[in-house]
Every structure is written in C-alpha cells, then in structure tokens.
Amino acid sequence: MHQIIKTALVTAALVCTSASVFAQDDGAGVVRRRTADRNAPKQQDGTVVTERMQNFFSEDNSSISDADRQWMRVIYRSIDLDKDQNAPLYFPEEPIDGQENLFRIIMRLLASNTLPAYEYLDGREIFTDQYRIKTRDILDRFYIPYTDAKGSTEKNPKFNIDENDVPTNEVLSYYVVERWEFDTRSNRLRPVVEAICPVLHRSGDFGGDALKYPMFWVKFSDLRPYLAAQTIFIDDDNNLPTCTYDDFFTLNLYDGDIYKTRNLKNKSMVQMYPDPDALKKAQDSIQNRLDDFEKKLWVPTREEVIAAREAREALAAGGDSTQVEQATAKTSTTRASARSTKRSTKEKKVSKPKAPKASSSSSSNATRSVRRRK
C-alpha cells in the first residue's frame with residue numbers, strides 16, 4: 001500500500017514539473033496565456049490600455065514605407081473650437097459619466113507620465129528625446145497648479161492636478177499636422193494626422209484681445225490608444241456616443257483652416273500672403289488641389305470631356321456658375337439618355353433570317369454529274 005502511494009506521488013511530481021517546463025517554453029508553436037498588465041494605465045472609466053493595444057496604434061504599424069510613397073505634402077491646420085463641427089473636442093467642459101474632452105485626456109496622461117510631449121519650435125517639429133519637454137516645466141510655464149503624486153520619483157515624476165485647475169476654458173483651438181500621402185499599394189490619397197498641439201488663449205493683465213500660446217506637441221500615434229477608448233457623440237440628433245476621438249481625427253471630421261505648408265523657408269501662409277483676400281485664395285487653392293489630386297490620376301471619359309468643354313463654353317459666353325451647373329447637369333442627363341437609348345437599341349436589334357439551304361434532290365437535279373462519263 002505504501003509503495004502504491006509513493007509511486008503515485010512521484011508520478012504527480014513529474015507531471016507538475018513537465019507542465020511547468022512546458023509553460024515556460026518560448027519555442028515556436030507554444031501558446032502562452034498572459035495575465036493582464038497590472039501596470040497598464042487606465043482610463044477614467046476603468047478601461048485598460050495594454051501594451052498590445054499601444055503597439056497596434058503605433059506609427060510603425062500604421063504608416064507605410066517611403067518605397068510605397070510617390071507623393072506627400074505636409075499641411076498645418078488650425079482647429080477653432082468655436083465652430084460647431086469642432087465642438088466634440090471641447091464639450092463636455094467638466095467630466096460627465098466618464099466622458100471628458102480632449103485637453104483633459106492629454107493633461108491626465110501628462111500628469112501620470114504616460115504621454116511624452118515635445119517642444120513647440122514654431123514649425124520645426126522634431127519628435128526626439130532631445131526636444132522632449134518635462135511635464136513640470138509645462139505646468140510651471142503656464143501657471144497650472146499641481147502637487148507631486150504618491151509614488152512620484154525623479155525618474156518617473158507624477159503629479160496631481162485638480163479638475164478645477166485644468167484650463168480647459170482657455171484651450172480654444174488646436175494645431176494639427178497632417179501628412180497627405182499617395183499610397184501606391186491602394187492608389188489612394190489619404191490624410192494622416194501626425195501631431196496635435198493645444199493652443200492656450202489667454203488675455204494679458206490689462207485685458208485686450210487674447211493672445212495665443214501654443215503649449216506643446218504630442219504625437220498622434222502615442223495618443224491614439226487612449227483616444228480610441230473614449231467615445232463621444234458628434235450629432236445633436238443622436239445622443240448616443242457612437243464615435244471615438246480616434247475616429248474623429250482619422251476620418252477627418254474636424255474643420256480646420258490651413259495656416260502653413262511645409263516649405264524650404266519655413267514661412268507661414270500669413271507671411272507669404274499678407275493680404276487677407278490673397279491668403280484666402282491661396283488656402284482654397286491648396287485645398288482644391290488636395291481634393292482634386294485623385295481625379296487627375298485617371299484619364300477622363302468622353303462624357304466628362306464633353307461636360308468640361310460645355311462648362312468652359314458657358315464661362316466664355318459670360319455665363320455664371322448657375323449656367324455652368326445647368327450645362328453640366330444637361331450633359332449628364334444627355335449622357336444617361338444616350339446610354340439607355342444605346343442599350344434599348346441593342347436589345348431591339350433583330351438578326352436577319354438566313355436563307356434556307358437547298359435540298360439534296362434539287363441540287364442533284366440542277367447539277368449534272370460528270371463521273372463515269374464515257
């Protein structure tokens with residue numbers, strides 16, 4: 001009896017040892033279960049942003065290589081939060097039911113030393129450790145009250161910022177860097193948000209117009225995992241939060257004015273076009289070229305050529321834009337009717353009846369055989 005129990009104990013010990021060795025093996029084909037990262041940062045509603053989620057939204061996985069790019073242009077936009085289309089970035093001003101605006105999310109991540117920030121260099125965006133700015137310097141520079149959080153160290157500083165001390169009512173605009181890329185893999189032109197900069201609107205001691213103070217740059221790829229976990233609603237007719245901040249930027253649902261394009265002299269649009277009318281014309285021209293970029297990649301059809309010619313003739317004849325639109329609509333209607341007429345004519349086409357073949361008897365009577373003629 002004792003021998004049987006001893007044998008059973010030895011067998012159980014061997015099984016446990018084999019199981020532990022198998023669980024620690026990192027060889028190919030072995031699937032390991034990983035526990036949740038307890039140190040992963042959490043959203044205000046308890047959502048955990050894991051390392052896998054951060055890698056999914058990282059720039060290395062989302063961007064394309066230079067070999068697949070045939071054309072790229074960098075656009076700088078100013079997003080005014082007073083516009084109704086950009087209101088989801090500002091409201092709610094105070095956290096409500098786990099929802100908070102964009103600037104509160106950024107400040108909370110900076111206070112927990114989760115999100116890196118970079119210096120605003122007036123058009124020279126360099127996202128390296130050399131130009132990374134410390135959170136303490138940001139808070140001191142813009143006079144935001146704070147206290148050191150529990151567990152804060154010199155290498156890993158963390159801060160407590162009261163919700164009432166976050167200047168959300170003064171951040172009334174954002175600067176956004178867009179990268180318009182033509183991807184040869186899909187033959188599509190797509191805009192990609194590269195970085196975001198909160199802009200503080202603060203009046204001086206003697207009043208007057210508020211001055212704009214760009215605070216810092218944050219890379220959108222570093223911010224995306226946390227924006228994807230925050231839902232918002234963008235329509236007053238539908239109060240369900242069916243969209244996220246990540247969708248809002250990825251789908252370009254915001255409305256921003258172009259204030260600069262990347263150029264050799266590093267000049268803004270105001271510096272190149274001091275006249276307001278010329279500035280507006282240049283901004284519209286850049287936006288139209290971006291919108292019409294894909295249209296110019298393909299050879300136009302015959303109908304499109306006719307429509308463009310009639311539009312030019314209408315303009316040459318002194319017609320206004322309404323007449324041009326009528327001419328284009330007329331051409332489209334004519335094109336559709338011509339296609340339908342051609343299709344109906346083709347369907348109604350009847351093949352000609354073939355002549356009946358002559359019978360064998362009639363052919364033999366009509367032609368006399370010359371075989372076996374003597």
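**View 1. What packs over the buried side of helix 9.** In this predicted model, the cover over the buried residues of helix 9 includes four strands and a helix: strand 1 (69–80), strand 6 (171–183), strand 7 (188–204), strand 12 (256–261) and helix 8 (269–272). The residues tucked underneath are Leu279, Ala282, Gln283, Ile286 and Leu290. They sit on the same side of helix 9 because they cover an arc of only 100° around the axis. An α-helix has 3.6 residues a turn, so residues three or four places apart point the same way. Now look at the face turned away from that buried side: there you'll meet the exposed residues Asp277 and Lys281.

**View 2. Helix 9 from end to end.** Helix 9 runs through residues 276–291, which makes 16 residues. From first C-alpha to last it reaches 23 Å, close to the expected 22 Å. Check out the N-terminal end, too: Asp275 caps it, with a side-chain oxygen 3.3 Å from the backbone nitrogen of Asp277.

**View 3. The loop between strand 1 and helix 4 (102–111).** Pro92 is found in this loop, and the peptide bond leading to it from Phe91 is cis, with omega near 0°. Asp97 is in the loop between strand 1 and helix 4 as well. Its phi is near 55°, a positive value in a residue other than glycine. Asp97 counts as exposed because its relative accessibility is 78%, and the cut-off for exposed is over 50%.

**View 4. Tyr143, between helix 5 (135–141) and strand 4 (147–148).** Here's a tyrosine in the loop joining those two elements. Tyr143 isn't a glycine, yet it has a positive phi of about 55°. With 68% relative accessibility, Tyr143 counts as exposed.

Note on methods:
Residues numbered from 1 in each chain as written. Predicted model: local features only at pLDDT ≥ 70, side-chain atom pairs only at ≥ 80, totals over all residues. Heavy atoms only, no water. Expected span 1.5 Å × (residues − 1). Buried < 20%, exposed > 50% of the residue type's maximum accessible area, 1.4 Å probe, protein only. Arc of directions from axis to C-beta. Contact = heavy atoms within 4.5 Å. Polar contact = N/O pair within 3.5 Å; in protein donor to acceptor, adjacent residues only side chain to side chain.
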